[in-house]
Amino acid sequence: MSVTEDPDRHTRPQTTTDFLQSERLGFRTWSEADIELAIFLWGDPEVTRLIGGPFSRGQVQERLSREIATMQSHGIQYWPIFLLATGAYAGCCGLRPYKSEGGIYEVGVHLRKAFWGQGYAPEAARTATEYAFHTLGVKALFAGHNPGNAASRRVLEKLGFRYTHDEYYPPTGLNHPSYRLTSEEFVREQKRRIGGFDKAV
C-alpha cells in the first residue's frame, strides 16, 4: 500500500470500541493486525522526518510490537486515533514510560499529513494529558520535540507545559527542547481555562 492513499479508506474496524474519546477523536489500542495502519503513519517520510524517519516496514513492525508490549506491561501506549464522525484513521497519541518509577510519563502525538493544521494535535494531546492525570494519577508528564518543529512547541505551550532543558534524542542525533507539566500545574491550568482564577493573579 502507498502511504499517500486516501486516508478515509482506512477506518476503524467495526468490531472495535473506543476506550477514550475527545470531542472529535476516538482512541483504541493497537493489535498486530494493525500493521498496515501503522505503516500509513510511521512509514510516511513526511510524518517521521522530524522523529528519525523514514522507517522501513520492518522498523514499523518493531515499533508496533513495542507499543503492544508497552500496553501489556504498563497499560499505556501511543494509541491509534480515529475521527468519530467518519472513522477515518488520523494517527496516534498517547503515553509511554519516561521515569515511571517517579510517576513521570511521556506524552506524544503523531498525525497523518491529511490531518495536520485542523486542531487535532492539541485536542488529542489534551485528552491523553487529562487521562494521565485524572485516570492514571501520574505526578508529571514529559514531552519533547525536534528543534525544527515549531508546531509541536506551540501545542505544548498551549497545554501548559514549560520548557525545562534540551535532551539528546538518539533517533535524530539532536538535542530536543524538552518540557514538563506537573499534576499541580495541570490543575492550575485547568482552573485558568475555566476562569477559576482571579484575572489579577
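**Figure 1. Where strands S5 and S6 meet.** In this predicted model, strand S5 (residues 104-111) and strand S6 (residues 140-144) run parallel and are joined by 3 bridges. One residue pair to look for is Tyr-105 with its bridge partner in S6, Leu-141. As a reminder, strands of a sheet pair through backbone hydrogen bonds, either parallel or antiparallel.

**Figure 2. Stepping back to the whole sheet.** S5 and S6 belong to an open sheet of 8 strands, laid out in the order S1-S2-S3-S4-S5-S6-S8-S7, with mixed pairing. Strand S1 (20-21) and strand S7 (162-169) sit at the edges; each has a single partner strand, so one side of each has no neighbour in the sheet. Besides its 8 strands, the chain has 6 helices. If you trace the chain from start to end, the pattern reads β-β-α-α-α-β-β-β-α-β-α-β-β-α.

**Figure 3. Helix H1, tucked inside.** How many of the 8 residues of helix H1 (residues 35-42) are buried? The count is 7, so the helix is largely enclosed by the rest of the structure. The buried ones are Ile-35, Leu-37, Ala-38, Ile-39, Phe-40, Leu-41 and Trp-42. And what covers them? Among the elements doing so are two helices, H2 (45-48) and H3 (57-74), along with strands S3 (78-83), S4 (89-99) and S5. For the wider setting, 45% of the chain's 201 residues count as buried.

**Figure 4. Tyr-120 and the residues around it.** Tyr-120 is part of helix H4. Is this residue buried or exposed? With a relative accessible area of 7%, Tyr-120 counts as buried, because the cut-off for that is under 20%. Leaving aside residues up to four places away in sequence, Tyr-120 touches Arg-24, Leu-25, Leu-83, Leu-111 and Phe-115. Arg-24 is worth finding in the sequence too: Arg-24 and Tyr-120 are 96 residues apart there, yet their C-alpha atoms are 8.1 Å apart in space. On the scale of the chain, residues 24 or more positions apart make up 60% of the contacts with a separation of 6 or more.

**Figure 5. Thr-127, another H4 residue.** Helix H4 also holds Thr-127. This threonine is buried, with a relative accessible area of 9%. Which residues does Thr-127 touch, once those up to four places away in sequence are set aside? They are Leu-20, Gln-21, Ser-22 and Phe-27. Two of these numbers should ring a bell from Figure 2, where strand S1 covers 20-21.

**Figure 6. A cavity with H4 and H6 in its wall.** Rolling a probe the size of a water molecule over the atoms shows where empty space is left. Here, a search of the whole structure turns up 1 cavity of 30 Å³ or more. The largest cavity holds about 60 Å³ of space. To find the spot, pick out its lining: Arg-126, Thr-129, Lys-158, Leu-159, Leu-181, Phe-186, Glu-189, Gln-190 and Arg-193. Helix H4 (120-136) and helix H6 (183-193) each put at least two residues into that lining, and H6 gives the most, with 4. Sorted by class, the lining comes out as 3 nonpolar, 2 polar and 4 charged residues.

**Figure 7. The outside of the chain.** After the close-ups, here is the surface. The chain exposes about 10300 Å², and 50% of that is supplied by carbon and sulfur atoms.

Note on methods
Residues numbered from 1 in each chain as written. Predicted model: local features only at pLDDT ≥ 70, side-chain atom pairs only at ≥ 80, totals over all residues. Heavy atoms only, no water. Buried < 20%, exposed > 50% of the residue type's maximum accessible area, 1.4 Å probe, protein only. Contact = heavy atoms within 4.5 Å. Areas by Shrake-Rupley, 256 points an atom, 1.4 Å probe, with all protein chains shown as cover. 1 Å grid on protein atoms, 1.4 Å probe; cavity = no way out; pocket = protein on both sides within 12 Å on 5 of 7 lines; lining within 4 Å. Points joined across faces, edges and corners; volume = space filled by probe spheres on them. Nonpolar A, V, L, I, M, F, W, Y, C, P; charged D, E, K, R; others polar. Pairing = 2+ DSSP bridges.
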